[in-house]
Amino acid sequence: MQATLTFLGTGTSMGVPTLGCGCAVCRSAMDPNGDPRNRRTRPSVRLEYGRHVVLIDTGPDFHAQALREGVDRVDAVFYTHHHADHILGMDDLRPLSFKLPHDLPLYADEPTVEVIRRVFSYTFRTVDRYPTSARVQLHPLPTGPDAHVDLFGVRFQRVPVIHGREIITGYRFGSAAYITDMSDLAPESVALLQGLDVLILDALRREPHPSHSHLDKSVAMVEMLKPRRAFFTHMSHDLDHGATEAVLPENIRLAYDGLKLEFEIAPEAAE
């Protein structure tokens, strides 16, 4: 079964252009004649397969991203972790959740479930609940060995990711994997990322960072894991799209908002 992955956003937590910045990349992102690939909203992807739409993360730019890409249906959302740039668009799922005959399932590890419940407490309260609150249901994601969720005929395998001092969640689905906000991989995750067609990795900037991978480290990780194709995301204004891509190996590209990829997500179509 073939799937389409759309990058809803590919930027860092501050976005590009970054507020108050006049660097060349930020100017390019704002200039109608500049490189539109330098304009990066907060990171998220949409997966379309069979008759289903699954999101990974809903950042603060989700409303604008959904309008841009014509997102008019969502069947489930997976969350990588609880930081603002990955969860704050959850409330914008409201009108999409009304279309479903059941609550929209949200999958996240326990720390992320706790933060979403706290930040959006008005959504989950049972007394005096606002009638147009999002109709969603949180599902704690397993975190043990071989933790996964089977959804609409596809296995979403949890990939433990080191994000500074935290262990957060990456995902493998079929022949693709989405690993963002990563300073390193947990040792057990290397085996989960073998034989990939598409690997999507964090590459924040050129210089090392305590909680994110930088450009050279991400290139080295691609060389170690040997996917057929690799795309970098969660990028700051340190990386000009054209100039950076020009020095990367041919099998490694920078993602950009709106980029679409085709890949095999499961051996058979979902029922």
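**Salt bridges and an open sheet**

Arg68, Glu69, Asp257 and Lys260 are joined to one another through a network of salt bridges. The model described here is a predicted one, and a search across the whole structure finds 13 salt bridges in it. The points below take up some of these salt bridges, and then turn to a sheet of seven strands, which is open, and to helices that lie against this sheet.

**Individual salt bridges**

- Arg37 forms a salt bridge with Asp35, and the closest N and O atoms of this pair are 3.0 Å apart.
- Asp35 counts as buried because its relative accessibility is 18%, which is under 20%, whereas Arg37, with a relative accessible area of 28%, is partly exposed.
- The side chains of Arg46 and Glu48 also meet in a salt bridge, with a distance of 3.5 Å from N to O.
- In this pair Arg46 is buried, at a relative accessible area of 5%, while Glu48 is partly exposed, at a relative accessible area of 30%.
- Lys217 and Asp184 form a further salt bridge, in which the closest N and O atoms are 3.8 Å apart.
- This pair links distant parts of the chain, since Lys217 belongs to helix H7 (residues 215–225) and Asp184 to strand E11 (residues 184–185), with their positions 33 residues apart in numbering.
- Lys217 is partly exposed, with a relative accessible area of 26%, and Asp184 is likewise partly exposed, with a relative accessible area of 33%.

**The sheet**

- Seven strands form an open sheet with mixed pairing, and their order across the sheet is E6-E5-E4-E3-E2-E1-E15.
- The edge strands are E6 (136–140) and E15 (260–264), each of which pairs on one side only.
- Neighbouring strands of this sheet are turned against each other by 25° on average, when direction is ignored.
- Strand E1 (residues 2–9) and strand E15 run antiparallel and are joined by five bridges, and Leu5 stands opposite Leu261 in E15.

**Helices against the sheet**

- Helix H2 (residues 62–69) lies across four strands, namely E1, E2 (44–49), E3 (52–56) and E15, and runs at about 130° to E1.
- Helix H5 (residues 110–119) packs on the sheet as well, where it touches strand E5 (104–108) and strand E6, and its direction makes about 150° with that of E6.

Notes. Residues numbered from 1 in each chain as written. Predicted model: local features only at pLDDT ≥ 70, side-chain atom pairs only at ≥ 80, totals over all residues. Heavy atoms only, no water. Pairing = 2+ DSSP bridges. Helix = DSSP H or I, 4+ residues; strand = E, 2+ residues; numbered from the N terminus. Axes fitted to C-alpha atoms, helices over the stretch in contact; angles between N-to-C directions. Contact = heavy atoms within 4.5 Å. Salt bridge = Lys/Arg side-chain N within 4 Å of Asp/Glu carboxyl O. Buried < 20%, exposed > 50% of the residue type's maximum accessible area, 1.4 Å probe, protein only.
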